[in-house]
Amino acid sequence: EQLSDCILTHVCWGAGEANGIVVTGQDGLVHHLKAGATGIQQIQSRKQHELETWCVEVSRMNSNLVLSGADDSLLRGWDLRTPNASPAFSNRSHEAGVISLACNPNKDVQLLTGSYDEHVRLFDLRHMKAPLLRSNRLGDGAYQLSWHSQKRGLFAVAAMRCGFPIFELKDGDEGDEGEAAAFNALGGYCEAAKEGSHGSLGYGISWQIGNSCRAASASFYDNSIHIWKVAAEDA
């Protein structure tokens, strides 16, 4: 059964329960679904944004908290248990569209965001008024973000015309507040790619599962996937 008349842009498992799914699209709606033995059931939908919505993520800290980002420059939260209430939060820190979200697999309270304003930001989901950190300008939008599953603090960015930069999150004196000290730039892959070659419009990035330092990247113009490795001393 067709869910929407518009283009759907992102999907994420784990909303409320293991079989829960959230989907978002160009119309600013976020849809909550459930996968079952007989098919997919639509549970509820909510208008979270007024412009095209690019990304959706389920909080690792609370599976009922759904996060979304859109061309309205807003990062918003939706508590699935209160479908008719105001957003759980509405953050206006970004200077352009919010296009990527990634919860830290090694620290449930931390969320990375990527934006067309060319910055990556780190948030603490317990304190959403302002980011903990903001990266230097990447040179283009942070279209996709990927945390390494086992190497604590390591993440990569698909940064469109600036290839695939790599960062390490250096934690500070954490205490109860989970404060972070800095983003440490570790170089990257295809950062100065020629027009039309791999990395000249980087859209996809993912780490190999496990302790490996291998990553796979996808690029728009050359229709290719590259597999590459970060030096052990860098990671």
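**Close-up 1. Strands β1 and β2 pair up in this predicted model.** The two strands run antiparallel, and 5 bridges join them. If you want one pair to look for, try valine 11, which stands opposite valine 23 in β2. β1 (8–13) and β2 (20–25) make a hairpin, with 6 residues between them. In that turn sits glycine 14, whose phi is positive, at about 90°.

**Close-up 2. β2 carries on into a hairpin with β3.** Here, too, the strands run antiparallel, with 5 bridges joining β2 to β3 (residues 29–36). Glycine 20 has lysine 34 as its bridge partner in β3. This hairpin has 3 residues between its strands, and glycine 28 in the turn has a positive phi of about 85°.

**Close-up 3. Strand β2 is mostly covered.** Go along the strand and you'll find 6 of its 6 residues buried. Gly20, Val22 and Thr24 point one way, while Ile21, Val23 and Gly25 point the other way. Whichever way they point, all of these residues are buried.

**Close-up 4. Four strands line up in an open sheet.** Read across, the order is β5-β6-β7-β8, and the pairing is antiparallel. β5 and β8 (89–91) stand at the edges with a single partner strand each, so one side of each has no neighbour in the sheet. From one strand to the next, the twist averages 20°. For a look at one pairing, take β7 (residues 75–79) and β8: they run antiparallel and are joined by 3 bridges. Arginine 76 stands opposite serine 90 in β8.

**Close-up 5. The largest pocket takes in residues from several strands.** Its volume is about 610 Å³. Of the 28 residues in its lining, Leu101, Ala102, Gln144, Leu145 and Ser146 are the closest to the pocket's centre. β1, β5 (53–58), β9 (98–103), β13 and β17 (202–207) each supply at least two lining residues. β9 gives the largest share, with 5 residues. As for chemistry, the lining divides into 17 nonpolar, 9 polar and 2 charged residues.

**Close-up 6. Arginine 121 meets aspartate 117 in a salt bridge.** The closest N and O atoms of this pair are 2.9 Å apart. Both residues are buried. A search of the whole structure finds 8 salt bridges, and the next two views show others.

**Close-up 7. Glutamate 118 and arginine 137 link two loops.** Their salt bridge has its closest N and O atoms 4.0 Å apart. Glutamate 118 belongs to the loop between β10 (110–115) and β11 (120–124), and arginine 137 to the loop between β12 (133–134) and β13 (144–147), so the pair ties together parts 19 residues apart in sequence. With a relative accessible area of 19%, glutamate 118 is buried.

**Close-up 8. Arginine 161 reaches aspartate 140 in another loop-to-loop salt bridge.** The closest N and O atoms are 3.4 Å apart here. Arginine 161 lies between β14 (154–158) and β15 (164–171), and aspartate 140 lies in the loop between β12 and β13, so parts 21 residues apart in sequence are tied together. Is each partner buried or partly exposed? Arginine 161 is partly exposed, with a relative accessible area of 47%, whereas aspartate 140 counts as buried at 13%.

Definitions and conventions: Residues numbered from 1 in each chain as written. Predicted model: local features only at pLDDT ≥ 70, side-chain atom pairs only at ≥ 80, totals over all residues. Heavy atoms only, no water. Salt bridge = Lys/Arg side-chain N within 4 Å of Asp/Glu carboxyl O. Buried < 20%, exposed > 50% of the residue type's maximum accessible area, 1.4 Å probe, protein only. 1 Å grid on protein atoms, 1.4 Å probe; cavity = no way out; pocket = protein on both sides within 12 Å on 5 of 7 lines; lining within 4 Å. Points joined across faces, edges and corners; volume = space filled by probe spheres on them. Nonpolar A, V, L, I, M, F, W, Y, C, P; charged D, E, K, R; others polar. Pairing = 2+ DSSP bridges. Axes fitted to C-alpha atoms, helices over the stretch in contact; angles between N-to-C directions.
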